[in-house]
Amino acid sequence: MHDYAVLFVDLRVVNMKAALNKDFAYAMTPMKILSWPVGTWPLQDYNIFSAMRVIITSCFLLLMLTIVQSEMYLDSNDAEKNLDAFVILSCGILAVSKVIRFRIRPAALILNFTSAVEDYNELRDDEKRVIVRKHAYMARVTSVSMIFFAYFSSILFITVPMLAEKEEKNVVNVTEESTSEYPIPSENVMALVKIPENLYFFVFIMEYLMLLFTSTGNLGSDSLFFGITFHLCGQVEILKLDFKRLKIGSERTREHFNVLTRRHIYLINLANMLIDTISSILAMQLFTSCILICTSGLQLILALSIGNIVMVIKTFMVLTALMVQLFAYSYVGEYLRRQMEGIGDSMYFCNWYDIPKGVTKDIIYVIMRAQEPVFLRAGQFLVVNMETYTSIIKTSMSYLSVLRVMVNG
């Protein structure tokens, strides 16, 4: 009988480890897929190979920025092409900034991801496992939503030149020599450097890779941040559960309470480190998103006015990707604040009246500390939450109305 009991316990431990490994892979695999190619995966070996991935990505992005900037300088009369160039230029700057930032200052990400690994290794409670799995699912939904719109927009940047070139070939009376279209605005630059026609396909593929690196470096880096922030929020929810389960009437009440208090401080420090890492980039992100929403909205209006269906679809996807990205940052900031403030509520609803007086006094300090909200800030001065999202959308729509009147006038 004893042997059967030991065997049952061993099987249960093995099954639990297998389940935890699946949960860890479920949460971390999407983030690794998006961040490892650009060299920002926090759990990687920081060696020459990871540095080469960052260098290659940065070179691709900087080359793209140079090409687009030069194209805008060489041809400033084509409004539609310049609007495309401005969108690509802004997204490229954000992408290279995030990649370099996450590579140069990875300490906060490394500490948070290392802590996440320890959290999964110490996870034994089924109720807590459900909480962790739920937040991993939230991170997945956020990442998939952003990446889908970003990659689909990149595909449309390829489709539009192909359709334009096909339509141009169908024109019978063509008196001028046609120029090849590329995924990013670069026709004049390619003509200036005299790229041979037999290299057109190679250049086409290289420019498409630049768009993919832009999407991965920009929204892929965001997915990395969102994923670990949702995991942190899950740990805060588990901490609230532990506070509600505080051992009452036990000699170890004080010890248990001190452990939970130290965990609370630890999670606050992790959150502040993440906020400091993304703060400066987030300020640029919000400013750029506001401008790009205006310009993309204007481009959508112009495309609708001339009945260009392909351009309408492409611009709509770009605009949707910008809106989803901005909404994701705002929602994560709001969710993080609410989770941190919820610590005080969990302390209030526990059986504090049965706890020794010495511990009860300390509960007051925990509640007071929980009332100091942990905000996601842009540049340490602008709080990012759902109110910020609404304000940016209203401001963008106001500017868009002015631009529309100026164009129609």
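**Figure 1. The order of helices and strands in the predicted model.** From the N terminus on, the elements of this predicted protein model run α-α-α-α-α-α-α-α-α-α-β-β-α. That makes 11 helices and 2 strands. Of the 409 residues in the protein, 49% are buried. As you trace the chain, keep an eye on partners that are far apart in sequence: among contacts with a separation of 6 or more, 81% join residues 24 or more positions apart.

**Figure 2. The largest nonpolar core and its best-connected members.** Here is the largest nonpolar core, a set of 104 residues. The members that touch the most others are F113, I184, F226, F243, F257, Y329 and L376. Helix α7, spanning residues 200-244, gives this core its largest share, with 20 residues.

**Figure 3. A closer look at Y329.** Y329 is one of the core residues that touch the most other members. Leaving aside residues up to four places away in sequence, which residues does Y329 touch? Its partners include the aromatic residues F225 and F226, together with I278, L282, L376 and V384. K98, D222 and Q285 are also in contact with Y329. One of these partners, L376, is itself listed with Y329 among the core members that touch the most others.

**Figure 4. The second largest pocket.** This view is centred on a pocket that holds about 380 Å³ of space. Its lining consists of 18 residues, and those nearest the centre are E122, K128, I238, D242 and R263. Two or more lining residues come from each of α4 (107-121), α5 (126-170), α7 and α8 (253-306). Of these helices, α8 provides the largest share, 5 residues. What is the make-up of the lining by class? There are 8 charged residues, 7 nonpolar ones and 3 polar ones.

**Figure 5. The largest cavity.** A search of the whole structure turns up 7 cavities of 30 Å³ or more, and the largest has a volume of about 260 Å³. Look for V87, C91, A150, S153 and S215, which lie nearest its centre among the 18 lining residues. Helices α3 (79-104), α5, α7 and α9 (309-348) each supply at least two residues of the lining. By class, this lining has 12 nonpolar and 6 polar residues, with no charged residues.

**Figure 6. The second largest cavity.** The cavity shown here has a volume of about 70 Å³. The residues around it are A27, M28, M31, Y120, V132, H135, A136, A139, G227 and H231. Helices α1 (2-35), α5 and α7 each give two or more residues to this lining. Which helix gives the largest share? That is α5, with 4 residues. The lining has 7 nonpolar and 3 polar residues, and no charged residues.

**Figure 7. Two of the spans annotated as transmembrane regions.** An unreviewed UniProt entry lists residues 46-65, 85-104, 137-160, 199-217 and 299-332 under "transmembrane region". Two of these listed spans are picked out here. Residues 85-104 are 100% helix and 0% strand, and their end C-alpha atoms are 28 Å apart. Residues 199-217 are 95% helix and 0% strand, with 27 Å between the end C-alpha atoms.

How values were computed: Residues numbered from 1 in each chain as written. Predicted model: local features only at pLDDT ≥ 70, side-chain atom pairs only at ≥ 80, totals over all residues. Heavy atoms only, no water. Core = buried A, V, L, I, M, F, W, Y, C linked by side-chain atoms within 4.5 Å. Buried < 20%, exposed > 50% of the residue type's maximum accessible area, 1.4 Å probe, protein only. Contact = heavy atoms within 4.5 Å. 1 Å grid on protein atoms, 1.4 Å probe; cavity = no way out; pocket = protein on both sides within 12 Å on 5 of 7 lines; lining within 4 Å. Points joined across faces, edges and corners; volume = space filled by probe spheres on them. Nonpolar A, V, L, I, M, F, W, Y, C, P; charged D, E, K, R; others polar. UniProt positions renumbered as here; feature names shortened; annotations may be inferred.
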